[in-house]
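Thanks, everyone, for making time this morning. I would like to walk you through one model, going from its pockets to one of its helices and then to a single loop residue.

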Amino acid sequence: MDWLFFFEISLAGLGTGGLYALTALAFVIIYKATRVVNLAIGDMLMIGAYLFFAFSAGMGLPLWIAIPAALLSMGVVGAVVERTIIRPMLGESPISSFMVTVGLSSILVGLVELIWTADQRRLPEFLPTKPIRIGEAFLAPKIFYGFWVAVVLIVVVLLIFRFWRGGVALRATASDQGAAYSMGINVPRVFSLSWSLAAVIAGVAGIVVGTIGGISSSMGVFGLSVLVVVIFGGLDSVLGALVGGLMIGLIEAWTGTYLGGEYKLLATFSLLVLILLIRPYGLFGTHDIERL
């Protein structure tokens, strides 16, 4: 029975970890392309959830229209943020760009509270509610389907990177901006593409997270765990985002169950410190070598 309980907790942790990995992928896309540490990634996730709420509950649109409308709007939000806030910071110090995203986080929270107030709300139910049974173990259906939504989207994004022309341009820019310029790639447009794509991915994660636990102006706290994930796995590593997300999800589930919810952050940050002491660039991060 103890092993069955442990298996159920682990499945729930993997479900949460899949959403961490999905959001961390959005973070990594922005960092690889623009070298901007986007501390507002959790609040972009929140905006995606509230846009879906506005289209579905506010306007009464059917789900098959509300979800694409919310994601399309998130793509526009990402492009506008890049063009108006991030692009003017090109050439500035990394700490300046970092502080701009801190300000962006506060602006997004303020907008949500101004339009929808700080009260918690529920998103329309669109995921199946029948309990999922895996062997002898039971898993909450929202966690199960949320995990597979994350898996499918991650696969789609990786295929885009591999085969789509825009994805190839993004990879080239992430590898070497100077070389990308010399090959005729429109690097500023790639920057805009990376923010739009990351915003759409964050929007999907926000809709799923909001469906599981409701939405509020404090949803951005989810980004704190995502920040741990990307530092743990490596700021510029897609593989690190995926592995780190699943590992942090498991650690949080085990710690919260056996030690108590108040120990989850202690456990994850302790593991983060340990990893950084051993590998300062994260598990799969790139160790930059500068020639003098």
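Before I talk about what lines the pockets, let me fix the residue classes: Ala, Val, Leu, Ile, Met, Phe, Trp, Tyr, Cys and Pro count as nonpolar, Asp, Glu, Lys and Arg count as charged, and the others, Gly among them, are taken as polar. Please also keep in mind that what you see is a predicted model.

With those classes, the lining of the second largest pocket comes out as two nonpolar, four polar and four charged residues. That pocket holds about 220 Å³ of space, and the residues around it are K32, A33, R35, T173, A174, S175, D176, Q177, D236 and T286. Two elements, α1 and α6 (165–175), each give two or more residues to this lining, and α6 gives the most, with three residues.

Now to the largest pocket, whose volume is about 610 Å³. It is lined by 28 residues, and those closest to its centre are T16, Y20, F222, E252 and K264. The elements that contribute two or more residues to this lining are α1 (2–34), α8 (187–213), α9 (222–233), α10 (238–258) and α11 (264–278). Which element gives the largest share? That is α1, with six residues. By class, the lining of the largest pocket divides into 14 nonpolar, 11 polar and three charged residues.

Let me turn to helix α4, which covers residues 94–116. At 1.5 Å a residue, its 23 residues should span 33 Å, and because the C-alpha atoms at its ends are 33 Å apart, the model agrees with that expectation. The buried residues in α4 are S97, V100, T101, L104, S105, L108, V112 and W116. As a general reminder, an α-helix has 3.6 residues a turn, so residues three or four places apart point the same way. What covers the buried residues of α4 includes α2 (41–58) and α3 (63–86). Just after the helix comes T117, which has a positive phi, near 70°.

My last stop is S216, which sits in the loop between α8 and α9. Is S216 buried or exposed? Its relative accessibility is 12%, and because buried means under 20%, S216 counts as buried. If we leave aside its neighbours within four places in sequence, S216 is in contact with M46, Y50, A118, D119 and Q120.

Notes:
Residues numbered from 1 in each chain as written. Predicted model: local features only at pLDDT ≥ 70, side-chain atom pairs only at ≥ 80, totals over all residues. Heavy atoms only, no water. Helix = DSSP H or I, 4+ residues; strand = E, 2+ residues; numbered from the N terminus. Expected span 1.5 Å × (residues − 1). Buried < 20%, exposed > 50% of the residue type's maximum accessible area, 1.4 Å probe, protein only. Contact = heavy atoms within 4.5 Å. 1 Å grid on protein atoms, 1.4 Å probe; cavity = no way out; pocket = protein on both sides within 12 Å on 5 of 7 lines; lining within 4 Å. Points joined across faces, edges and corners; volume = space filled by probe spheres on them.
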